[in-house]
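Me: Please go through the structure shown below with me, one point at a time. I shall ask, and each reply should set out its reasoning before the result.

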Amino acid sequence: MAELEKYEAVWKTAGHGTVSVDAGALARHLKRNGETFRILVYLRDFRELLACFILIPGIIFMGMHLELPWSWYLGVPASLWVAGYILYNRPQRGSETLAGSVVECLDTSIQEVRHQIRLLRSVFWWYLLPLDLSCGAFFLHIGWETRQLGWAAVLFTALLMGLLLGVTWVVWKWNQFAVERELEPRLAELESIRNSIINGDDPVSSAPEKAH
Amino acid sequence: MAPHLPRELDEGMDGKKQEEIFNSWMEAHQAIPIKVARCHERNPEDRADLVQNILLQIWLSIPSFDERCSLSTWIYRVALNTAFRWRRTESRRSIGLMRYEMHHEWSGRDTPSDLELEELYSAIRKLEQTDAAIIMMHLDGMSYREISEVMGMSEKGVGVRLSRARRKLANLLGG
């Protein structure tokens with residue numbers, strides 16, 4: 001411990017480094033980039049939502065223009081469902097201040113990451129399945145309408161269904177990969193820091209380590 | 001006495017005032033972001049990125065300072081929260097935008113005390129992140145109450161944690 005006290009004295013007397021900040025430049029930078037940043041965050045959060053709202057008029061226009069069968073319009077309720085789900089589950093963005101206690105900030109971060117994991121883990125049920133059902137119904141309907149073509153119709157329908165399943169699998173896998181690669185390790189890291197603080201709060205649970 | 005944010009600036013703060021406050025705060029407490037970054041990151045580039053990230057967060061959080069705790073406690077909170085949430089890749093991406101607009105200079109480390117200080121930092125970096133944070137604030141002379149305010153744990157917990165962390169640190173430093 002005497003050695004430690006020597007280092008503690010060094011801590012108090014030594015220079016830890018200096019940082020000079022051009023606050024004016026920082027302010028100008030934030031002002032200049034603030035709007036762009038807000039738009040980027042908005043677009044990131046709402047890109048699926050925007051896609052849905054662009055898709056709906058597109059579906060209606062194409063359906064009317066190309067005189068497509070009724071099953072084509074199943075894409076409208078499917079897109080509305082996805083958009084509604086995204087809106088309902090959109091993360092609550094509070095103020096981005098980090099001035100709360102460490103435990104409070106960790107709790108907020110953990111909540112955000114868990115929310116994101118839950119959304120991506122269930123992406124098949126709320127995103128892929130509704131869109132697949134509408135697309136699949138349309139493909140099968142087209143196949144039924146062209147059944148007089150025989151095997152060609154069967155093969156074409158099978159090809160479209162296979163393509164749909166392939167795309168679904170890739171999108172699903174991509175989302176699960178993001179969860180496993182980024183979000184779950186991040187959650188574990190945040191929970192570990194939080195548990196470390198909370199366990200440190202409890203002298204009983206920290207007793208075994210004290211014995212080391 | 002640390003410069004404080006005047007009440008009337010809590011809302012609708014203009015850029016010029018914010019700049020003045022930021023400058024005065026940094027003049028008084030610029031060591032905190034540096035210490036947090038040095039305890040958190042070994043690599044100088046990552047460390048510089050983290051310092052910039054902390055400074056950015058301090059700037060953005062200025063309007064939320066309500067004087068319910070001391071300024072140093074508040075800056076420690078923002079700095080530690082930024083460090084705990086910080087991820088290298090994200091930081092590089094965001095800070096890259098202002099790399100040329102912020103200047104940082106590290107003091108030289110060629111005196112014996114600087115070398116000892118670096119040894120101390122190196123040992124602190126080997127501790128658990130929470131222990132490192134508590135040790136750092138203790139070395140800065142903060143009371144158990146102030147540390148508990150930053151961390152969100154009880155004063156008793158801080159005491160237990162600190163004595164354990166000090167033992168670990170003493171072992172790491174060969175004491």
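Me: Are Glu8(A) and Arg166(B) buried or exposed?
Reply: In this predicted model, the relative accessibility of Glu8(A) is 12%. Buried means under 20% relative accessible area, so Glu8(A) falls in that class. Arg166(B) shares the assignment, and both residues are buried.

Me: What is the distance between the closest N and O atoms in the salt bridge of Glu8(A) with Arg166(B)?
Reply: Glu8(A) lies in helix 1 of chain A, which spans residues 2-13. The side chains of Glu8(A) and Arg166(B) are joined by a polar contact of 3.0 Å. The two residues also form a salt bridge, in which the closest N and O atoms are 3.0 Å apart.

Me: In which helix of chain B does Arg166(B) lie?
Reply: The pair joins two chains, because Glu8(A) belongs to helix 1 of chain A whereas Arg166(B) belongs to a helix of chain B. That element of chain B covers residues 155-172 and is helix 9.

Me: Which residues does Glu8(A) touch, not counting residues up to four places away in sequence?
Reply: Contact here requires heavy atoms within 4.5 Å. With residues up to four places away in sequence left out, Glu8(A) touches His138(B), Leu139(B) and Arg166(B).

Me: Which residue of chain A forms a salt bridge with Glu116(B)?
Reply: Glu116(B) is in helix 6 of chain B, residues 112-126, and the pair crosses between chains to helix 1 of chain A. Glu116(B) counts as partly exposed at 22% relative accessibility, and its partner is also partly exposed, with a relative accessible area of 37%. The closest N and O atoms are 3.5 Å apart, and the partner is Lys6(A).

Me: How many residues apart are Lys168(B) and Asp131(B)?
Reply: Lys168(B) forms a salt bridge with Asp131(B), with the closest N and O atoms 3.2 Å apart. The bridge links distant parts of the chain, since Lys168(B) is in helix 9 of chain B and Asp131(B) in helix 7, residues 129-139; the separation is 37 residues.

Me: Is Asp131(B) buried or exposed?
Reply: Its salt-bridge partner Lys168(B) has a relative accessible area of 25% and is therefore partly exposed. Asp131(B) has a relative accessibility of 0%, so Asp131(B) counts as buried.

Me: Which residues are linked with Asp131(B) in a network of salt bridges?
Reply: A search of the whole structure finds 15 salt bridges over all chains. One of them joins Lys168(B) and Asp131(B). The network that holds Asp131(B) links it with Glu128(B), Arg161(B) and Lys168(B).

Me: At what angle do helix 4 of chain A and helix 4 of chain B pack?
Reply: Helix 4 of chain A comprises residues 102-121 and helix 4 of chain B residues 71-85. Their crossing is right-handed. The axes are 10 Å apart, and the angle is about 35°.

Me: How many nonpolar residues has the contact of helix 4 of chain A with helix 4 of chain B?
Reply: Val102(A), Cys105(A), Leu106(A) and Ser109(A) meet Leu80(B), Asn81(B), Phe84(B) and Arg85(B). By class, two residues of this contact are polar and one is charged, while the nonpolar residues number five.

Me: How many helices has chain A?
Reply: From the N terminus on, the elements run α-β-α-α-α-α-α-α. Chain A thus has one strand, and the number of its helices is seven.

How values were computed:
Residues numbered from 1 in each chain as written. Chains lettered and ligands numbered in written order. Predicted model: local features only at pLDDT ≥ 70, side-chain atom pairs only at ≥ 80, totals over all residues. Heavy atoms only, no water. Helix = DSSP H or I, 4+ residues; strand = E, 2+ residues; numbered from the N terminus. Buried < 20%, exposed > 50% of the residue type's maximum accessible area, 1.4 Å probe, protein only. Polar contact = N/O pair within 3.5 Å; in protein donor to acceptor, adjacent residues only side chain to side chain. Axes fitted to C-alpha atoms, helices over the stretch in contact; angles between N-to-C directions. Left-handed = near helix turned anticlockwise from the far one by under 90°. Nonpolar A, V, L, I, M, F, W, Y, C, P; charged D, E, K, R; others polar. Salt bridge = Lys/Arg side-chain N within 4 Å of Asp/Glu carboxyl O.
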